[in-house]
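Me: I should like to study one part of this protein closely. Please take a single helix and explain how its residues are arranged and what surrounds them.

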Amino acid sequence: PFEHGADIVVHSLTKFMNGHGNALGGAIVEKGDFNWGASPGKFPILAQPCDSYHGMVFYDVFGKDGPVAEMFGTKGKTGMAFAIAARALGLRDVGCSLAPTASFLISTGIDTLPLRVDRHCSNAVAVATFLKSHPQVSTVSYAGLPDHPNNALIKQYCPTGAGSLYTFSLKGGFEAAKKVVNGVKMISLVANLGDSRTLVAHPASM
């Protein structure tokens, strides 16, 4: 995402990342070169004095031109003002601290992420292609299919695959969809979208 203009990337560690859905967690990744101080009125939390930290300005201290970046040898290039503020303010006020056991489970699962995502994507293409040719399926929406309107964007932004989430509609409408989701045997009817398990969701009847 940084290569395409993102400055902050937020990940859910609960689903694809950990590979098992057995631990709750999230991650904030900061590119570090954004100038939060260019418009102090637009980003007051980062660019204006913080009373709860004795008037410290997060960007001045932890930004790319601050003393912390200098200490790490990245001055003028990258800092971590957003990430530090999220921890010092958000974590302090909300208390969303990652549990040690969850950290262990997530770090263990991330080891197999490249292999798993590759399989997720190739399996999704195969199933979406099968559904598209099924006589009882009316539409399939998956950006990994060549005829999808966003296929060119997927190739640009996600060259290794379009992920494993897609939607499809049945010619029989609501009742037909309800019959399918209630009749599956090897597929779970749950709402854990992005989990490592094969699942189906039908919000209209769940």
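The exchange below concerns helix H7.

Me: In helix H7, which residues are buried, and what covers them?

Reply: The model is a predicted one, and the description that follows refers to it. Helix H7 runs over residues 113-132 and has 20 residues. From its first C-alpha to its last, H7 reaches 28 Å, close to the 28 Å expected at 1.5 Å a residue.

The buried residues of H7 are Leu113, Arg116, His120, Cys121, Ala124, Ala128 and Leu131. When the helix is viewed down its axis, these buried residues fall within an arc of 135°, so they line one face of H7. A general point helps in reading such a pattern: an α-helix has 3.6 residues a turn, so residues three or four places apart point the same way.

The face turned away from the buried side of H7 carries Pro114, Leu115 and Phe130, which are exposed. Here, exposed stands for a relative accessible area over 50%, whereas buried stands for one under 20%.

It remains to consider the cover over the buried residues. Two helices contribute to it, H1 (13-17) and H6 (100-110). Strands E3 (137-141) and E4 (167-170) are also included in what covers the buried residues of H7.

In summary, H7 has one face lined by its buried residues, and the face turned away from them carries exposed residues, namely Pro114, Leu115 and Phe130.

For contrast, an aromatic pair may be examined elsewhere in the model. The rings of Trp36 and Phe82 have centres 5.7 Å apart and planes at 25°, so the pair is stacked. Trp36 is buried, at 8% relative accessible area, while Phe82 is partly exposed, at 26%.

Terms used:
Residues numbered from 1 in each chain as written. Predicted model: local features only at pLDDT ≥ 70, side-chain atom pairs only at ≥ 80, totals over all residues. Heavy atoms only, no water. Helix = DSSP H or I, 4+ residues; strand = E, 2+ residues; numbered from the N terminus. Expected span 1.5 Å × (residues − 1). Buried < 20%, exposed > 50% of the residue type's maximum accessible area, 1.4 Å probe, protein only. Arc of directions from axis to C-beta. Contact = heavy atoms within 4.5 Å. Phe/Tyr/Trp six-rings, centres within 6.5 Å; stacked < 30°, edge-to-face > 60°.
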